Amino acid sequence: MPYNQITATGAIAPGVAPTGPDAKQIRDLIDRELNSNGFIFKWVSKNKQPYRGILDTGGTPIDLYIYAWRIGDGGRIRQGRISEKRIQLNPGTDRSAFALPITPTQKTLLLGVYDSPHGEPIFSAWDATNIDLLKATQKSEWVQVEDLQKAISNGIYQFKDSDGNIGYSFLPSYLGDYIDLVTPGNTLTVPSSTTATLSTKVKTATKTHKKARTIRSTDAILKSISNVDETERRALTKQRVGQGYFRELLMNKYGCKCALCGITTKQMLVGSHIKAWSDCNNTEKLDENNGLLLCAHHDALFDKHLISFEDTGDLIVSTTLNASEQAELHISTIPPITVTPGMKPYLADHRSKLK
Ligand SMILES: [Zn+2]
């Protein structure tokens with residue numbers, strides 16, 4: 001009988017373990033995620049474990065020691081542990097960083113990456129200061145595939161490993177926040193008294209740092225647009241500098257759902273400018289009032305000015321769409337939107353281009 005795995009639909013069923021990611025892919029993933037959302041990360045060394053780097057979270061820079069391996073099957077299938085997953089600590093690994101204290105400016109991480117076929121890899125983070133890790137006899141850390149799967153719907157999820165230690169599973173976008181918040185014993189400094197989800201608590205706890213990062217990254221983007229010569233400017237314009245940042249603003253504003261139909265599939269969601277990007281000045285390009293978070297279908301309708309909205313939020317449909325087209329496009333299912341005062345000038349511009 002094979003081990004339980006996460007399937008392409010995010011369910012759990014017996015199957016074959018994902019083969020990757022390899023060490024380079026893991027480092028690239030860490031690099032990419034820690035240089036997203038305004039975090040700034042630089043490797044100090046990455047030839048062998050523990051990898052080292054400096055992470056600027058928007059607060060004090062953190063000196064990081066990173067142990068990271070792929071998460072594979074648990075190896076104890078004969079004992080009926082068909083949901084068990086593990087990382088394997090190589091006997092030759094330099095374990096000295098497990099003895100270092102976790103402080104606000106220095107942290108050791110113990111990470112696993114499961115190359116989930118549902119869409120994005122899932123991280124597991126164990127307590128890197130667990131004393132057993134200093135012993136060469138400690139060869140693995142464990143997690144149940146059900147605990148990994150919970151990251152898909154929860155974003156970040158706290159579990160207890162088989163030794164009773166606190167661990168977390170999370171989607172890659174939580175890596176920076178996890179590092180920002182992790183304290184000794186692998187606990188996170190999040191509000192304890194509310195009934196909010198861990199994901200919400202994490203976002204609340206990182207809010208101040210996030211704001212600092214957002215301001216800094218906006219400044220950097222605006223600077224990168226204005227401090228270039230005309231040729232470069234055109235190249236940057238093609239890349240739509242700041243598009244990722246803009247989309248993130250809207251993901252937050254609209255709760256990661258299409259503003260018109262509620263689709264939550266991240267890969268389908270676009271930060272759609274109300275006033276066309278090419279007509280915007282730098283500030284307008286990055287103004288969340290100038291955006292709607294839309295799925296690909298609704299982005300196409302809106303971007304091509306086949307639909308627009310009144311200041312009241314009511315839908316307007318282009319007269320170029322006949323009744324049968326409107327039916328095919330499910331236009332009648334589009335609800336009114338919430339229009340804030342800051343959105344009105346942009347909507348006026350959009351309406352003026354309605355076909
Ligand atoms: Zn939609």
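Two residues count as in contact here when their C-beta atoms, placed from the backbone, lie within 7 Å. With that in hand, helix 2 (residues 145-154) can be placed: it lies across strand 8, strand 9, strand 11 and strand 12, and runs at about 155° to strand 11. Keep in mind that this is a predicted model.

**The overall picture**

The protein has eleven helices and 18 strands, and its C-alpha atoms fill a box of roughly 70 × 50 × 45 Å along the principal axes. Of its 355 residues, 35% are buried. Among contacts with a separation of 6 or more, 59% are between residues 24 or more positions apart. There are two domains, domain 1 (4-205) and domain 2 (247-351), and their C-alpha centres sit 36 Å apart.

**The seven-stranded sheet**

Now for the sheet that helix 2 lies across. It's an open sheet of seven strands in the order 3-4-5-8-9-12-11, and the pairing is mixed. Strand 3 (40-45) and strand 11 stand at the edges with a single partner strand each, so each has one side without a neighbour in the sheet. From one strand to the next, the twist averages 30°. Helix 1 (residues 23-34) packs on this sheet too, touching strand 3, strand 4 (51-56), strand 5 and strand 8, and its direction makes about 140° with that of strand 5.

Here are three of the strand pairs, side by side:

| Strand pair | Sense | Bridges |
|---|---|---|
| Strand 5 (residues 62-70) and strand 8 (residues 106-114) | parallel | eight bridges |
| Strand 9 (residues 122-126) and strand 12 | antiparallel | three bridges |
| Strand 11 (residues 156-160) and strand 12 | antiparallel | five bridges |

In the strand 5 and strand 8 pair, Asp63 stands opposite Gln106 in strand 8.

Strand 12 (residues 166-170) is worth a closer look. Four of its five residues are buried, so the rest of the structure largely encloses it. Tyr168 in strand 12 is the bridge partner of Ala125, and Tyr168 is also the bridge partner of Gln158. The hairpin of strand 11 and strand 12 has five residues between the strands, and there Gly164 takes a positive phi near 85°.

**Over in domain 2**

Helix 9 (residues 296-303) has a clear inward side. His298, Asp299, Leu301 and Phe302 are buried. Those four cover an arc of only 165° around the axis, which puts them on the same side of helix 9. What do they pack against? The buried residues of helix 9 pack against strand 15, strand 16 (291-295) and strand 17 (307-309). Just after helix 9, His305 takes a positive phi of about 55°.

One of those helix 9 residues, His298, turns up again as a contact of Leu260. Leu260 lies in the loop between helix 7 (243-253) and strand 15 (269-273). Is Leu260 buried or exposed? The cut-off for buried is 20 or more other C-beta atoms within 10 Å, and Leu260 counts as buried because it has 25 such neighbours inside 10 Å. Leaving aside neighbours within four places in sequence, Leu260 is in contact with Leu294, His298, Ile334 and Pro335. The C-alpha atoms of Leu260 and Cys295 are separated by 8.2 Å, although the two residues are 35 residues apart along the chain.

Ala276 is another loop residue, between strand 15 and helix 8 (282-285). With 15 other C-beta atoms within 10 Å, Ala276 is partly exposed. Ala276 and Gly313 are 37 residues apart in sequence, and their C-alpha atoms are 19 Å apart.

Conventions
Residues numbered from 1 in each chain as written. Predicted model: local features only at pLDDT ≥ 70, side-chain atom pairs only at ≥ 80, totals over all residues. Buried ≥ 20, exposed ≤ 12 C-beta atoms within 10 Å, placed from the backbone. Helix = DSSP H or I, 4+ residues; strand = E, 2+ residues; numbered from the N terminus. Pairing = 2+ DSSP bridges. Domains from an automatic or database assignment. Arc of directions from axis to C-beta. Axes fitted to C-alpha atoms, helices over the stretch in contact; angles between N-to-C directions.
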